[in-house]
Amino acid sequence: MEKPVIICVDDQREVLAALRKDLAGLTEKCEIEYCESAEEAGEIMNALDDSGETTALLICDHVMPRKNGVDFLIEINNDARFTRVRKLLLTGQATHQDTIVAINEAAIDRYVEKPWQAEELLKTVKILLTEFLLVSGMDYQSYLEIIDQETLYEQLRKRT
Amino acid sequence: MISKKTMHLSISVVATLLVLVIPVSWIPIDGLTIIEQRILAIFLLATMFWILEPIPIFATSVLIITLELVMVSDKAFFLFQNDGSVANFGSIIAHKEIMATFASPIILLFLGGFFMAIAATKYRLDINLARVLLRPFGSDPRKVLLGLMVITAVFSMFMSNTATTAMMLALLAPILASLEKSDTGKMAFVLGVPFAANIGGIGTPIGTPPNAVALKYLTGENAIGFGNWMGFAVPFVIILLGFTWILLLRLFPPQSATLALDIRGKFLKHWKALTVYVTMGITILLWLLDAFHGMNAYVVAMIPVAVFTATGIVTTEDMKRISWDVLWLVSGGIALGMAMEKSGLAMHIIDSIPFAAFSPLLIVGVATVITIVMATFMSNTATANLMLPIVAALGISLGGLEILGGSKMLILAVTFASSLAMSLAISTPPNAMAQATGLVETRYMRKSGIIIGVVGLSGVYILMFVLRQVGFF
Amino acid sequence: MKNFYNNLNLTVLISAYFSDPEKRMILEEGMTIMHQGEENERLFLVLSGSFAGYVDNPEGDAIPFFQLQPGMFAGVQSFFSRTYISSTTIIAQERSEVAYIEREQQTIANEGNESLLEQFMPVVVADLAYRQQLAHTASVDKAQTLKKLIASEKMASLGQMAAGIAHELNNAVAVLQTNTRWLAEQLPILIPALKGDAKTLFLRGLNDGRKMSTSEIRKRRKALQDRWGLSASICDKIAETGLSDEDLPNSPEAIAALIDRLGGFWEIGATLNGMQLAADHAAHVAKSVKTLGAHHSTRHPDVDVNDSLREAITLLRSPLRKVTVASELNPVSGITANKGELVQIWVNLIRNACESLQQEKTAAATIGIRSREEKGAIIVEISDNGPGIPAETLPKIFHPDFTTKVSGLSFGLGLGLSIVQRLVESYQGNVQVESNREKTVFIVQLPLA
């Protein structure tokens, strides 16, 4: 079975470790990659694409050394290969202006503020995964554990 | 104030109703039955709707099928059924047959083409091929133009002309932006791509919908295999493409010395991508060799559909992006043609006009010219839908035409002609896209489009002559 | 102020009127030559020493209204206005000598046959101009003082707020810090399962923290997956703990069982480590914020800069474990300073160096700390052998909103260097930075006086 990939980007290992704990329940059905920089995440996404795997969700911090999160998300948004990838900005330090740019130019799907609540983050991640599975035509029935029911019903209702 | 649309709609409907309600004897066609009268009305409605477009053209197709089912099928509305009192009622058509046009082999052939196009795009085979194929053309703008046109033509033989043009124009956009404002070469590039797509569509039976419609009439001893079609159509495409290239260079010589297309990417190598490459290769090969392995093009077309769905290469979501409207447009055409043929209407119309009095050459000339003019102002497929049933009947009834190649020749000539209309933005979707770039002046498109149309049509005549000489017809 | 007189040529006038040795006086420091509101019938010329003029209250710490230097006149106003009542009180500031003329002074004829008043006209005008300028300067001074006062009040309230927040934070952080430490100590004692290899892994997590980078983890995971065919999540866990092949049993089942049994203990250790790091960091941030608003820290004489450097090194013991510290502290004179502020400066600079070395994984990472005295200033150099600061960012590093490179939990918040600069400037010193590919040096200069 194909495993959708979640990519988490944050320059702080402790934050990644926290994400690792919060997303532990998804590892059965998803692959989760952790990256310490936007550059590393970009490389991973390229490699995944080359090997035919599907990046489903990108969880990204904003304030990072070298390339910041919003710039990276804009890049991904403009890449024809990654049009279906859902984008979540997870940050506590984005300014008002950064946020506007993130929405307008990077077309982020969700914004979660640090510090986050594990439950809320998990719910958001599931919603985004569900959306991804449906838009990419993957068989959602094999991923019921990681799916958000409400989103699923809502999306399925729109189908014929 | 009545909108133009409403006016077109009412005129069409009133005319149709008129034909429907007047006594059969009023219509100057000998031996016309009630059923034929109704089909004539439907044909009139289709013609007016496809020309005036008060509703989308594919909707007209669906309407044709529905009207046929309601008015002339064996399961028609009871008021339309024959209670035995009408003498010249004519032969009704089985509703299953009408409905089957939605899934006729021709439609499935096209579906196979769509599946291949979706898979190729999804795994970036199209763009990677374009990148590799363009390389030998170097950086001389003239050669790059040739390369772009050749690739566009090749792709449009297997993908829709619209999708091919969209892809190539997207590749072109950055270099067009880099060219000087005054560089006339820009025009050559922007026109070269849609023209190549229009011309390339002629190359295979699945290249463009009119070809598919033509297949409906090329049955029995007139049947043409996939490889057979390409055998004569591809050389025609090559020659016309070469002419177009030279014409564009003459009209719009590029000024810049070098021009480099920067297409990045690499061939994907995972199993799904490899499956796509192999399946497409095998499918095309089987199409070309249809004379040897017993499977015709329709059967072969199902192979990629099965492989791509089974492997999850084309998902349910991808299937939603298939241009169902194009398939339905063709279905409607097939249903219309079938009804005209089955009922005998086509024959009756032909019989009522003294075609035999005209020279066969004149008939071929007039039919192709009418086709190209119609296709210039309306959909190529709709043109083929309207022209081909009549032309097919004409070919059969007109003995004099045999010398020139009979109905097979006439059908092919008309089919080719329907793809040669490209002088206006509304002629074809690729033309519309080129116009939308804002870099094309209408008069230049008109001028070059007309020249290509005239030369292309002459080419068609020569091709038909050659084919006759080699005993193809 | 003397300009008004300097430009006058008074030699003739002075030699004509003020050369009488009889009409001279010596005044000791504190003696008054005239009192405000009292009679004064003399016009004085200061020959040596200096005087201060007061209005109203010359007692206590009254501020002098004007100063009189040799060559300047006193009593111009009372003498020439003919009121003969002094408008100021003028007191000698040191032993001074004056010459004078009296009310009855006769005109001494000069070339232009001018009257006495005419001859003294330049003096009168100069005196008027002098007083006018005094008044102007005073009003400007006053406005500036007021502005400073308002600004410092603003700063004070901001500082108070910052200090308040920092204090609150510190309290919370202190609880976190102590409790985490306590947990780390007590867990192995209180939990029976935490012994043997479980304890080894726990301590590994506790002491080393998350030392593996994500790319290292990915590489190791791949190797483990290829070798043992284990699931990605098990391989990830092994990779995170940094266990080498020798540490692992020799079959996939045994490895899976081991990680299943012990992985959690490492995670607990690493989590505690992370909490300690985070608490330490929060404490550091709180301290920095406090300093932002601090302007009341008292400075004491004879503070040894070397002492403060040693203290900073001690404070940074744990991050400095991973680098070599080469310190060369030469004896220097004591300066008037607040030791806490000095420590703050060094901590920020050393921490900065430390971070850049860690960030870039510099081989043989070394931090040099050097102090010396030179030309009336103490010079402290803090250097690292990291890859240097890119030329384009160099001008920006002291801006408060510049974010330094970030690694682990020790992000700089972008305040570090701006605090350093603020503090150093409050000592009238300066910070310079020199950076190339091999070396980056921060040079702090603190003047002795």
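This is a short tour of a predicted model with chains A, B and C, moving from whole chains to single side chains.

**Stop 1: chain B on its own**

Start by selecting chain B and switching to a cartoon view. You will find 22 helices and zero strands. Colour the chain by burial next: of its 473 residues, 55% are buried. The contacts within chain B reach far along the sequence, since among those with a separation of 6 or more, 78% link residues 24 or more positions apart. Turn on the surface and you are looking at about 19,700 Å² exposed by chain B, with 70% of it supplied by carbon and sulfur atoms.

**Stop 2: chain C on its own**

Now hide chain B and select chain C. Here the cartoon shows twelve helices and 15 strands. Buried residues come to 41% of the 449 in chain C. For contacts with a separation of 6 or more in this chain, 73% are between residues 24 or more positions apart. The accessible surface of chain C is about 24,000 Å², and carbon and sulfur atoms account for 54% of that.

**Stop 3: where chain B meets chain A**

Bring back chains A and B together. Select the residues in contact across the boundary, and you should have 13 from chain B and twelve from chain A. Together the two chains bury about 850 Å², with 39% of that area on carbon and sulfur atoms. Which residues of chain B lose the most area to chain A? Show Arg124(B), His270(B) and Glu317(B) as sticks: together they make up 47% of what the chain B side buries.

Now look for charge pairs. Three salt bridges cross this interface, and five residue pairs are in polar contact. For a salt bridge to zoom in on, pick Asp318(B) and Arg84(A), whose closest N and O atoms lie 3.3 Å apart. Then highlight residues 316-319 of chain B, which form helix H15; with three residues, this helix gives the most to the side of chain B that touches chain A. Colour that side by residue class and you get one nonpolar, three polar and nine charged residues.

**Stop 4: where chain A meets chain C**

Hide chain B again and show chains A and C. The contact involves 17 residues of chain A and 22 residues of chain C. About 1,700 Å² is buried between these chains, 46% of it from carbon and sulfur atoms. On the chain A side, put sticks on Arg13(A), Glu14(A) and Arg20(A), the residues that lose the most area to chain C, together 34% of what that side buries.

The rule finds seven salt bridges across this boundary, along with twelve residue pairs in polar contact. To see which elements of chain A take part, select helix H1 (13-22), strand S2 (31-35) and helix H2 (38-50), each of which supplies at least two residues to the side that touches chain C. Of the elements in chain A, H1(A) gives the most, with six residues. By class, this side of chain A holds seven nonpolar, one polar and nine charged residues.

**Stop 5: salt bridges up close**

Stay at the boundary of chains A and C and select Arg20(A) with Asp236(C), which form a salt bridge at 3.5 Å, N to O. Move on to Arg218(C) and Glu33(A), another salt bridge, with the closest N and O atoms 2.8 Å apart. This pair crosses from helix H6 (residues 214-228) of chain C to strand S2 of chain A. Are these partners buried or exposed? Both Arg218(C) and Glu33(A) are buried.

For a pair within one chain, go to Arg443(B) and Glu441(B), a salt bridge with the closest N and O atoms 2.8 Å apart. Arg443(B) counts as partly exposed because its relative accessibility is 46%, and Glu441(B) is also partly exposed, at 37%.

Finally, load a wider selection: salt bridges that share partners join a set of residues from chains A and C into one network, including Glu14(A), Arg20(A), Glu33(A), Arg218(C) and Asp236(C).

**Stop 6: a threonine in chain A**

End by centring on Thr151(A), in helix H6 (residues 149-157) of chain A. Thr151(A) counts as buried because its relative accessible area is 8%. The side chain of Thr151(A) makes a polar contact of 2.6 Å with that of Asp148(A). Setting aside neighbours within four places in sequence, select Ile127(A), Thr130(A) and Glu131(A) to see what Thr151(A) is in contact with.

Key. Residues are numbered from 1 along each chain as its sequence is written. Chains are lettered from A and ligands numbered from 1 in the order in which they are written. This is a predicted model: local features need pLDDT of at least 70, side-chain atom pairs count only at pLDDT 80 or more; totals for chains, interfaces and linings use all residues. Side-chain values use heavy atoms; hydrogens and water are left out. Contact means heavy atoms within 4.5 Å. Buried area is the accessible area (1.4 Å probe) that two parts lose on being put together, summed over both. A salt bridge is a side-chain nitrogen of Lys or Arg within 4 Å of a carboxyl oxygen of Asp or Glu. A polar contact is a pair of N or O atoms within 3.5 Å; within protein, one must be able to donate a hydrogen and the other to accept it, and residues adjacent in sequence count only if both atoms are side-chain atoms. Helices (H or I, at least four residues) and strands (E, at least two) are DSSP runs, numbered from the N terminus. Ala, Val, Leu, Ile, Met, Phe, Trp, Tyr, Cys and Pro count as nonpolar, Asp, Glu, Lys and Arg as charged, and the others, Gly among them, as polar. Buried means under 20% relative accessible area, exposed over 50%, partly exposed in between (1.4 Å probe, protein chains only). Accessible areas come from the Shrake-Rupley method with a 1.4 Å probe; for residues, only the protein chains shown count as cover.
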